[in-house]
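Colleague: I am new to this structure and would be grateful for a close look at a single part of it, the packing of its interior. Please describe that part and how the surrounding elements relate to it.

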Amino acid sequence: MKLATWNVNSLTARLQHVLDWLAANPVDVLCLQELKMSDDKFPLEVLKDAGYDSAVFGQKTYNGVAILSRAPVRDVLKNIGGFADDHSRVISGTLDTPAGALRIVNGYFVNGQAPDSEKFVYKMKWLDGLHDWLRQELVAHPNLVLLGDFNVAPEDRDSYDPVGLAGTIHHTPQERAHFNALLQLGLADSFRLFEQPPKSYSWWDYRMLGYQKNRGLRIDHVLVSQPLVPRVKSCVIDRVPRKWEKPSDHAPVIMELAP
């Protein structure tokens with residue numbers, strides 16, 4: 001079973017990219033972030049024709065998340081339980097698989113803008129809410145995958161310039177502490193379960209030839225609960241779509257689970 005996450009930075013602009021990628025990479029689940037469209041604009045029928053049902057939590061102009069799945073998604077929940085939020089950032093659902101129920105939590109984490117901004121304060125509160133809610137979710141759903149755009153580079157090796165960017169957004173001790181707190185709940189970073197090439201990133205700035213110079217960050221992650229760890233066969237970043245014309249600034253991350 002293959003699950004993927006991809007911040008498409010506008011599904012309106014990148015729908016054909018998504019369709020082309022799914023045709024070449026027929027994953028079982030694709031979680032999208034930054035749809036930048038309301039639910040009524042979401043291309044349900046187009047994606048259904050491609051073989052995918054969709055659970056959608058859209059928002060006009062900003063944010064928006066969706067779970068695309070070959071199997072039906074049940075018990076869909078939008079946003080973080082117990083945390084009031086006007087932004088469409090999290091969608092969760094359960095898949096019935098041969099190995100049992102699998103809970104999918106797809107998140108577009110708060111960017112935070114800068115460590116001295118009000119948006120950073122919101123990010124810290126949001127991450128607190130996520131942590132407290134996930135503690136309960138992991139009890140209710142032992143087989144759980146948390147994936148999406150985390151807007152956190154967890155370690156120095158996840159940044160092209162860890163010294164120059166130390167303390168800046170995505171690199172702050174506070175953000176990294178929150179990421180580690182998720183791991184302490186019993187989640188594992190599936191990408192780091194395997195030897196990976198150095199300078200492996202999932203996001204590159206559009207400016208200053210960011211992709212061409214590999215000035216990137218690894219901020220898109222797939223975390224799995226402990227019962228799933230022995231089943232993780234691989235986790236890779238697919239850089240190919242980042243080379244396409246008018247790409248998203250993010251690349252898909254794909255994780256494979258054994259049956």
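**The nonpolar core and its surroundings**

Modeller: The largest nonpolar core of this predicted model has 29 residues, of which Ile104, Val145 and Met255 touch the most other members. Leaving aside residues up to four places away in sequence, Val145 is in contact with Leu102, Arg103, Ile104, Val105, Val222, Leu223, Val224, Leu228 and Met255. A second core, separate from this one, comprises 22 residues, including Leu127, Leu138, Phe150 and Phe179. In soluble globular proteins, nonpolar side chains tend to be buried together.

Phe179 leads to helix α4, where Phe179 is one of the buried residues, along with Glu175, Arg176, His178, Ala181 and Leu182. An α-helix has 3.6 residues a turn, so residues three or four places apart point the same way. The buried residues of α4 pack against helix α3 (118–140) and against the strands β8 (144–149), β9 (187–189) and β12 (220–225). Helix α4 itself covers residues 173–184, twelve in number, and spans 16 Å from its first C-alpha to its last, close to the 16 Å expected at 1.5 Å a residue. After α4 comes Gly186, which has a positive phi, near 115°.

Met255 leads in another direction, to strand β14 (253–257), which is among the strands that helix α1 lies across. Strand β14 belongs to an open sheet of six strands, arranged in the order β3-β4-β2-β1-β14-β13 with mixed pairing. The edges are formed by β3 (53–57) and β13 (232–237); each has a single partner strand, so one side of each is left without a neighbour in the sheet. On average, neighbouring strands of this sheet are turned by 15° against each other, direction ignored.

Within the sheet, β2 (residues 29–33) and β4 (residues 65–69) run antiparallel and are joined by five bridges. One of the bridge pairs places Val29 opposite Ser69 in β4. Helix α1 (residues 11–24) lies across β1 (2–7), β2, β4 and β14, and runs at about 160° to β2.

Two cysteines complete the picture. Cys31 counts as buried because its relative accessibility is 0%, and Cys235 is likewise buried, with a relative accessible area of 3%. The structure holds zero disulfides. Cys31 is in no disulfide, and its nearest cysteine sulfur is that of Cys235. The sulfur of Cys235 is 13 Å from that of Cys31, the closest cysteine sulfur, and this is too far for a bond.

Technical notes:
Residues numbered from 1 in each chain as written. Predicted model: local features only at pLDDT ≥ 70, side-chain atom pairs only at ≥ 80, totals over all residues. Heavy atoms only, no water. Pairing = 2+ DSSP bridges. Helix = DSSP H or I, 4+ residues; strand = E, 2+ residues; numbered from the N terminus. Axes fitted to C-alpha atoms, helices over the stretch in contact; angles between N-to-C directions. Contact = heavy atoms within 4.5 Å. Core = buried A, V, L, I, M, F, W, Y, C linked by side-chain atoms within 4.5 Å. Buried < 20%, exposed > 50% of the residue type's maximum accessible area, 1.4 Å probe, protein only. Expected span 1.5 Å × (residues − 1). Disulfide = S-S within 2.5 Å.
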